[in-house]
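Please examine the sequence and the model shown below. The paragraphs that follow consider its cysteines, one pair of packed helices and one buried helix.

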Amino acid sequence: MHRLMVRGVVRGAAASIDSSSRWVLPDPKLLHTARPCLSDAGSSGDRQTQSPETSASSAAPSSTVDSADKQNKSNSERERSQPTTAATAASTLSDSFGRFHSYLRISLTERCNLRCKYCMPADGVQLTQKQQLLTSAEVLQLASLFVAEGVRKIRLTGGEPTVRKDLTEIVAQLKATNPLLESVGITTNGLMLTRQLVGLQRAGLDALNVSLDTLRAARYEQITRRKGWDRVMAGIDLAIQLGYRPKVNCVLMKGFNEDEICDFVELTRDRNVDVRFIEYMPFTGNRWDTEKMVPYRAMLETIRARYPAFEALPNGPNDTSKAYRVPGYRGQMGFITSMTEHFCGSCNRLRITADGNLKVCLFGNTEVSLRDALRSPGCSEDDLRCLISAAVKRKKKQHAGMLNLSQMENRPMILIGG
């Protein structure tokens, strides 16, 4: 077997880690090349993971949690405790806690046409040279390998994926060459949707996430350091007209946009959208501060003060968002509680960065270069499986093993991929 390069890569602050990169063989105990039995494992929606969340959340839950909330939590814990098949437990994409990873996010570019304050440092980031980024052929090759191992959902991210000229072709090839793949989606800032969405739909795009942190044009320009709010809204409306139910991702921050919580709820009155509030998370360069974070329970209290009938909806075993709705409204709401009520116990996600590094945890800074392995003479598919399996088996139980995420050096979010 060729020697596999395992690298801890963190841009800027982690130059010392990069300089110590070396070629090493993974522990033989971590190498599992058996594929999951797809006929037994079922669809990605049916896959269940094993490790219940045992650590307390960093914020005490409200004493007024409704019965639907409790039922969802109970269902999720019960689903995660179900036994896996032997094939799934030994598969390339299962970690040491029994979590099977059926969802892959692939960043297609580090470039973006916005400069959002919580995503990109004010002075920008140093972009990777083009020859060090994955080519389209390499993206498709890795995607096919992961699908063969059990991935059923792929999301294309960035940077901003719509700035990639061959985005439509990549979507079409993913759909055409991977019949087991159930969903291909993108996460976008929405600026280019009115130009590209019809073509993407024809190519087979299944799902759409749009990042939008304000419903006010002036504030949008303040957050993103660019104009274009009206184009984003037009793109969301076009998506609805084309039959999508777009997810609208909103990062809430105190003193910035938390006064728009109920405005976003009203967005779901007549639009078939899924608005999801995301707790502000720490990444290198975004000047994270606990005082800026709006906890999930505080959001819920604000909404229920105006909408007393606001009700919880059922959640799937791998959902990252706690689903809610106002009765009678066309759309729904969701809360991604990464900081106060983490969902690590049911995590089924892996990430590949634009420069070809595999991240098994969004918050982790240990990365494995699949690009270098792909470009290594004599590298076989079995070698790649061993490399991937070794990385997945090292995944920590929660939050990359860190108790304080704000102290973890990591890439800026734009270099990770949303």
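How many disulfides does the structure hold? In this predicted model, the number of disulfides is zero. A disulfide is a covalent bond between the sulfur atoms of two cysteines. Cys361 illustrates the absence: the closest cysteine sulfur to its own belongs to Cys344, at 6.4 Å, which is too far for a bond, given that a disulfide requires the two sulfur atoms to lie within 2.5 Å. Cys361 is also buried, its relative accessible area being 16%.

The next topic is the packing of two helices. Two packed helices are described by the angle between their axes and the distance between the axes. For helix α5 (residues 136-148) and helix α6 (residues 167-177), the axes come within 11 Å and cross at roughly 30 degrees. Because angles under 35 degrees count as roughly parallel, α5 and α6 are roughly parallel to each other. The crossing of α5 past α6 is right-handed. On the α5 side, Ser136, Leu140, Ala143 and Ser144 take part in the contact, and they meet Ile170, Gln173, Leu174 and Thr177 of α6. Of the residues in this contact, four are nonpolar, four are polar and none is charged.

Helix α10 (residues 261-270) offers a view of burial. Its buried residues are Ile261, Cys262, Phe264, Val265, Leu267 and Thr268. An α-helix has 3.6 residues a turn, so residues three or four places apart point the same way. The cover over the buried residues of α10 includes the helices α9 (229-241) and α11 (296-306), together with the strands β7 (247-252), β8 (274-279) and β11 (332-336).

Note on methods:
Residues are numbered from 1 along each chain as its sequence is written. This is a predicted model: local features need pLDDT of at least 70, side-chain atom pairs count only at pLDDT 80 or more; totals for chains, interfaces and linings use all residues. Side-chain values use heavy atoms; hydrogens and water are left out. Buried means under 20% relative accessible area, exposed over 50%, partly exposed in between (1.4 Å probe, protein chains only). Helices (H or I, at least four residues) and strands (E, at least two) are DSSP runs, numbered from the N terminus. Contact means heavy atoms within 4.5 Å. Axes are lines fitted to C-alpha atoms, for helices over the stretch in contact, and angles run from 0 to 180 degrees between N-to-C directions. Angles under 35 degrees count as roughly parallel, over 145 as roughly antiparallel, 65 to 115 as roughly perpendicular and the rest as oblique. A crossing is left-handed if the near helix is turned anticlockwise from the far one by less than a right angle, and right-handed if clockwise. Ala, Val, Leu, Ile, Met, Phe, Trp, Tyr, Cys and Pro count as nonpolar, Asp, Glu, Lys and Arg as charged, and the others, Gly among them, as polar.
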